[in-house]
2 protein chains.
Amino acid sequence: MLGLTLKHLRYLEAIATHGQFSRAAEACFISQPALSIQIKELEARVGAPLVERNARKLHMTNLGQEIVDRAKKILLAVDELDDVVRASKGPFSGRLRLGFIPTVAPYLLPDVVAELNHRFPGIEVQPREAITQTLIDELHDYRLDAAIVALPLSDQGLREFALFAEEFVLVRNKAESSKPVPSAENMSEMQLLLLEEGHCFRDQALSFCEGLGPRAKSIMEGNSLNTLVQMVSAGVGLTLIPEMAIPLETRSADVAISRFMNEAPFRTIGIVWRKSNPLAEQLMEVGAAIRQVGQQKMPNTASLVT
Amino acid sequence: MLGLTLKHLRYLEAIATHGQFSRAAEACFISQPALSIQIKELEARVGAPLVERNARKLHMTNLGQEIVDRAKKILLAVDELDDVVRASKGPFSGRLRLGFIPTVAPYLLPDVVAELNHRFPGIEVQPREAITQTLIDELHDYRLDAAIVALPLSDQGLREFALFAEEFVLVRNKAESSKPVPSAENMSEMQLLLLEEGHCFRDQALSFCEGLGPRAKSIMEGNSLNTLVQMVSAGVGLTLIPEMAIPLETRSADVAISRFMNEAPFRTIGIVWRKSNPLAEQLMEVGAAIRQVGQQKMPNTASLVT
DNA sequence: TAAAAATACTCCATAGGTATTTTAT
DNA sequence: ATAAAATACCTATGGAGTATTTTTA
């Protein structure tokens, strides 16, 4: 290690370029003696003369020229790095690995990606769908930067940022749509179709029903809301879906949607990231963009934030 | 200009490599606080966090990783430069543009190049043949590093380093070889064949003859010693050649060589370079190598240095 | 003699060290 | 309780400035 510094290289390159210590010093915004000293110092470290001083003219030695040639490349790479840094100033840029829970992903993901690409030109969104626990693990493993989940998580290592509240609606077979909306108590005695274990939405639906009744009847499970709705359509039972799912899930299924009038069940959708992630400010901007997408999709309820 | 330094880059790279401030600091041979401060300073200059600190684990931000990737390349180039410098330590390395006067080049050049390549493995000799004045001009123009000439030059800007003295010998037609060697006075009245204007050897031969006689008779000129010898062989007149030319020039010509017994004419061959050339020491080593070649070629006289 | 580089000296910014505190597991 | 990073404080190196001298064309 010779302890060469970028300054040394810059100064030497300036001398080679300007062919004069005075001018080179000027170009480097330092005094001529300062430059002389630095070059002397550089030559001492290298252990050989680099510049032939000839009173009026300067000339690089073999080694000096070799060093200048290499220095030019190095300095160019450093300047490029400078540019990268400068270009990085802004709301968000670079890769954003963003997780979604399965009961959000199909309904929000496309619009969210579009909106983020629009708002943050330098962004490269890498979306991923997984159940809450998987997303949490991947956050801690630095395999995700942030995730869209149902709050609260109460994970010590994660910061939560609520985006919007969203009601659940009842999905029944068209044949039953004339009946009144059942109460939560009644529902626990009906054939309630739920997602399989691990989905937070399953727990939320269950807690809504069990909050009053002691226990649910035998329950059919599906691995996606779409499956559940298709089952309802086939007359197997009834189910709950979040409001954002209505447009997509009722398009091809012959089912009836009913809203709860009082004490409607709901979930809070939020974005989470590692507490230690230093880009909290930028991630809140990302969250704001996602909230906007949610409000556009659900003008009625999504404005509520819990 | 962000004022990034190689130290900053080294430190950041060390952190990315070791995944821990303490270990990285150790690898950089500085204390942990010193490293913390430098990274903080670097982040301040960049204007964004580069490292996510998570108590036990570290992780690079997008920008941090980008900088590390570029830093690695830069540091590699700098290390390579270090290697180049280290490899340059030694007697002489790199390009040596070496001029020869025409009355030396054909006889010395091949052996000199071979000897230099042998003594200085890192050298790349670029030989060039031209008359003295041209060589001097090219030295001043930095188009030559050194030149082998007849001394003295008395050029203020050049340093002269004598290598060896070399006698002139008389070249006569075989038919005249039984006659006694003419004195200098006599020679100026004979048909003396000389090189054309510009060759120092012409002047040296002339001054030897004219030193006594007032003026030479009508003179035939040739543009190489070889031509002159061939003319002598054809019976046109007589000429002088330097000792080193004997082997080559008499091989194919039917001429007689005669040495001067007393007050033999001679020239001093030396190496010259710009006074300002900082590689004087190495060039003297080059000169020593050339002197050795001269002594091998002319064991009798070349040991004399004037 | 004039123009450029080197030298002499002074000053201050900062990189680095040690000791200690804070933080998160 | 422990291990790691951050903070506080101090020191010394060295980079840069101004004034001056030396060099050479």
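**Asking why of a predicted two-chain model**

Reader: Why does Y142(B) count as partly exposed?
Author: Y142(B) has 17 C-beta neighbours inside 10 Å. Buried takes 20 or more and exposed takes 12 or fewer, so Y142(B) ends up in the class between, partly exposed. Bear in mind that this is a predicted model.

Reader: Where does Y142(B) lie, and what is notable about its phi?
Author: Y142(B) is in the loop of chain B that runs between α6 (132–140) and β5. Its phi is near 65°, a positive value, and the residue is not a glycine.

Reader: And S154(B), why does that one count as exposed?
Author: S154(B) has just 7 C-beta neighbours inside 10 Å. The cut-off for exposed is 12 or fewer, so S154(B) counts as exposed. You'll find S154(B) in the loop between β5 and β6 of chain B, and its phi is positive too, near 55°, in a residue other than glycine.

Reader: What makes the peptide bond from L151(B) to P152(B) cis?
Author: Look at omega: for the bond from L151(B) to P152(B) the angle is near -5°, and the bond is cis. P152(B) is found in the loop between β5 (146–151) and β6 of chain B. Chain A has a cis bond from L151(A) to P152(A), with omega near -5°, and P152(A) is in the loop between β5 (146–151) and β6 (158–173) of chain A.

Reader: How do you know that chains A and B have the relation of a two-fold axis?
Author: Lay chain B on chain A: the fit takes a turn of 180° and a shift of 0.0 Å along the axis, and the RMSD is 0.1 Å. That turn and shift are the relation of a two-fold axis. The same surface serves both copies, as 100% of the contact residues of chain B recur in chain A.

Reader: What makes up the contact, and which element gives the largest share of the side of chain B that touches chain A?
Author: The contact takes 37 residues from chain B and 37 from chain A. On the chain B side, the elements giving two or more residues are β1 (51–54), α4 (62–88) and β3 (94–100). The largest share, 14 residues, comes from α4(B). By type, that side of chain B divides into 18 nonpolar, 10 polar and 9 charged residues.

Reader: How do you know what span is expected for helix α4 of chain A?
Author: The expected span is 1.5 Å times one less than the number of residues. Helix α4 (residues 62–88) of chain A has 27 residues, for which 39 Å is expected, and the helix reaches 40 Å from first C-alpha to last, close to that value. Buried residues in α4(A) include L63(A), I67(A), I74(A) and L81(A). After the helix comes G90(A), with a positive phi near 150°.

Reader: Does the same check work elsewhere: what does helix α11 of chain B reach, first C-alpha to last?
Author: Helix α11 (residues 280–297) of chain B has 18 residues and reaches 25 Å, close to the 26 Å expected at 1.5 Å a residue. Among its buried residues are L283(B), V286(B), I290(B) and V293(B). The buried residues of α11(B) pack against β3, α5 (105–119), β5, β6 and β11 (266–274) of chain B.

Reader: Why does the largest nonpolar core lie between domain 2 and domain 3 of chain B?
Author: The core has 64 residues, and those touching the most other members are I101(B), A146(B), A147(B), I148(B), V171(B), I271(B) and V286(B). Its largest share, 9 residues, is from strand β6 (residues 158–173) of chain B. Domain 2 (94–164 + 268–297) and domain 3 (166–259) of chain B both give residues to this core, so it lies between them. Setting aside neighbours within four places in sequence, V286(B) contacts F92(B), L96(B), L116(B), A146(B) and I271(B). A second, separate core of 60 residues includes L163(A), F164(A), V169(A) and L225(A).

Reader: Last one: what makes V229(B) count as buried?
Author: V229(B) has 26 C-beta neighbours inside 10 Å; the cut-off for buried is 20 or more, so V229(B) counts as buried. V229(B) lies in helix α9 (residues 225–233) of chain B. Apart from neighbours within four places in sequence, its contacts are V171(B), T239(B), I241(B), E249(B), A253(B) and V255(B).

How values were computed
Residues numbered from 1 in each chain as written. Chains lettered and ligands numbered in written order. Predicted model: local features only at pLDDT ≥ 70, side-chain atom pairs only at ≥ 80, totals over all residues. Least-squares fit on C-alpha atoms with pLDDT ≥ 70 in both. Contact = placed C-beta atoms within 7 Å. Core = buried A, V, L, I, M, F, W, Y, C linked by C-beta atoms within 7 Å. Helix = DSSP H or I, 4+ residues; strand = E, 2+ residues; numbered from the N terminus. Domains from an automatic or database assignment. Nonpolar A, V, L, I, M, F, W, Y, C, P; charged D, E, K, R; others polar.
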